[in-house]
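This report walks through the cores, strands, helices and local backbone features of one chain. Please look over the sequence and the model first.

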Amino acid sequence: VAPAAQQLAEVVVRPNPNRSADFERFKELFLGTSTLARQCRLRNPDDVLVDYDPALNTLTASVTRPLEIDNPALGYRLTVYQLRFLVAFADGGAAITSLSQVVFRELPGGAGQQRRWAHNRLRAYRGSLPHFLRAVYADRLREEGFEARRLRRVINQRRAAVAARLQQETELGIGGIVPDSVRKILDQPPVMAYLYRPLLPPDSLRRRSAEGRVWLRFRDLLAVTYRPEKPDPNYREPGPNLTTFRPEAEESVLQLRVPEAEIQPFGTLVPTLGTVSEGYWGFEKIGELLPLDYEPPAPRLK
């Protein structure tokens with residue numbers, strides 16, 4: 001089988017000798033924490049250079065030679081060339097940017113292993129961002145099990161004004177006891193989210209040319225739900241009062257960094273850094289990565 005390549009995104013790195021905690025954090029953020037990802041193994045970990053910068057609160061990684069990763073859950077050996085990896089930590093979250101070229105080679109295995117790999121590959125594909133983009137490209141969102149809705153996020157101006165006033169009073173040394181009414185305002189979220197209930201029609205998600213080229217485009221943010229499968233057992237979302245919960249469906253948020261991004265038939269975007277993913281798509285990492293030419297098996301006729 002000819003190797004199939006997968007393209008990721010670009011960052012700048014500042015390599016230093018690894019510290020154990022930083023390296024473990026890199027593995028978790030690069031490979032992922034899903035059931036499939038936890039089975040991955042780095043074959044040459046000493047070739048990864050990881051650096052945490054406390055002043056910038058960033059974690060960067062690069063490689064001195066191609067990094068090899070065994071994914072026994074999917075039956076692939078991945079070779080990662082010219083890895084550039086950056087994680088910017090802020091507000092309890094992490095924004096991950098990665099650029100590399102990944103080549104896939106199938107691991108040898110008997111008939112039983114091949115069946116298990118086929119099952120896991122389909123599981124990794126279904127509900128993924130490439131699956132969604134292929135569905136948008138082919139105008140098959142509903143048939144493929146996706147729901148897309150408009151999502152808006154706006155700054156809570158009332159809370160921001162109260163917080164700014166209290167900060168100013170503190171700097172001037174005139175702050176005092178904060179009234180309960182003010183505390184209630186400060187307990188509100190700094191950003192308000194508004195989810196529109198109607199499902200978006202295809203024309204709200206894409207632009208198609210007469211030649212058949214397709215561009216992804218939408219207003220504000222895109223909330224995408226995939227219901228045919230339950231989320232991975234290791235996936236959790238933040239809940240109220242610093243708690244977490246496992247949602248009933250795979251829920252993701254997509255943000256466009258450009259006015260529109262062209263969708264390729266195999267489910268990638270040009271430019272590569274044209275979108276930012278949150279939620280379940282942010283949870284899925286190298287452990288779920290498939291070759292560009294992966295095709296799910298045709299459904300059985302009943």
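A residue counts as buried when its relative accessible area is under 20%, as exposed when that area is over 50%, and as partly exposed in between. The model is predicted.

**Helix α3 and its end**

By that cut-off, the buried residues of α3 are L129, H131, F132, L133, R134, A135 and V136. That makes 7 of the 10 residues of α3, so the helix is largely enclosed by the rest of the structure. Charged R134 is on the buried list along with nonpolar L133. Just after α3, D139 takes a positive phi of about 55°. D139 sits in the loop between α3 and β8 (146-155). With a relative accessibility of 38%, D139 counts as partly exposed.

**The largest nonpolar core**

In soluble globular proteins, nonpolar side chains tend to be buried together. Here the largest nonpolar core holds 33 residues. Those with the most contacts inside this core are F26, F30, V48, L59, L67, I69 and F85. Two helices, α1 (20-31) and α2 (111-125), each supply at least two of the core residues. So do the strands β3 (48-53), β4 (58-63), β5 (67-71), β6 (76-90) and β7 (93-106). The largest share, 7 residues, comes from β6.

What does I69 touch, leaving aside residues up to four places away in sequence? Its contacts include F30 and L31, then C40, R41 and L42. I69 also touches Y76, R77, L78 and V80. I286 completes the list.

A second core is separate from this one and has 21 residues. Among them are L133, L141, L216 and L269. L133 is also one of the buried residues of α3.

**The β3-β4 hairpin**

Strands of a sheet pair through backbone hydrogen bonds, either parallel or antiparallel. β3 and β4 pair in the antiparallel sense, over 6 bridges. Y52 stands opposite L59 in β4. L59 is among the residues with the most contacts in the largest core. The hairpin has 4 residues between its strands, and N57 takes a positive phi near 55° there. Is β3 largely enclosed or open to the outside? Of its 6 residues, 5 are buried, so β3 is largely enclosed by the rest of the structure.

**A four-stranded open sheet**

Another group of strands forms an open sheet of 4 strands, in the order β10-β11-β16-β17, with antiparallel pairing. β10 (206-208) and β17 stand at the edges. Each has a single partner strand, so one side of each is left without a neighbour in the sheet. Strand β16 (residues 261-263) is joined to β17 by 2 bridges. I263 has L269 in β17 as its bridge partner. L269 also belongs to the second core.

**The second largest pocket**

Rolling a probe the size of a water molecule over the atoms shows where empty space is left. The second largest pocket has about 570 Å³ of space. It is lined by 18 residues. The closest to the pocket centre are L122, E144, P296, P297 and P299. α2 and α3 each supply at least two lining residues. α3 gives the most, with 4 residues. What is the make-up of the lining? It divides into 10 nonpolar, 1 polar and 7 charged residues.

**Local backbone features**

Two aspartates have a positive phi, and each lies in a loop. The table sets them side by side.

| Residue | Phi | Loop | Relative accessibility |
|---|---|---|---|
| D139 | near 55° | between α3 and β8 (146-155) | 38%, partly exposed |
| D220 | near 55° | between β11 (214-216) and β12 (221-226) | 37%, partly exposed |

The peptide bond from V270 to P271 is cis, with omega near 5°. P271 lies in the loop between β17 (269-270) and β18 (275-279).

**R165 in helix α4**

R165 is found in helix α4 (residues 157-172). At 39% relative accessibility, R165 counts as partly exposed. In sequence, R165 and F146 are 19 residues apart. In space, R165 and F146 are 44 Å apart, C-alpha to C-alpha.

Technical notes: Residues are numbered from 1 along each chain as its sequence is written. This is a predicted model: local features need pLDDT of at least 70, side-chain atom pairs count only at pLDDT 80 or more; totals for chains, interfaces and linings use all residues. Side-chain values use heavy atoms; hydrogens and water are left out. A nonpolar core is a set of buried Ala, Val, Leu, Ile, Met, Phe, Trp, Tyr and Cys residues joined through side-chain atoms within 4.5 Å. Buried means under 20% relative accessible area, exposed over 50%, partly exposed in between (1.4 Å probe, protein chains only). Contact means heavy atoms within 4.5 Å. On a 1 Å grid over the protein atoms alone, a cavity is a set of points where a 1.4 Å probe fits but cannot get out, and a pocket is an open set with protein on both sides within 12 Å along at least five of seven lines; lining residues have an atom within 4 Å of a point. Grid points are joined across faces, edges and corners, and a volume is the space filled by probe spheres set on the points. Two strands pair if DSSP finds at least two bridges between them.
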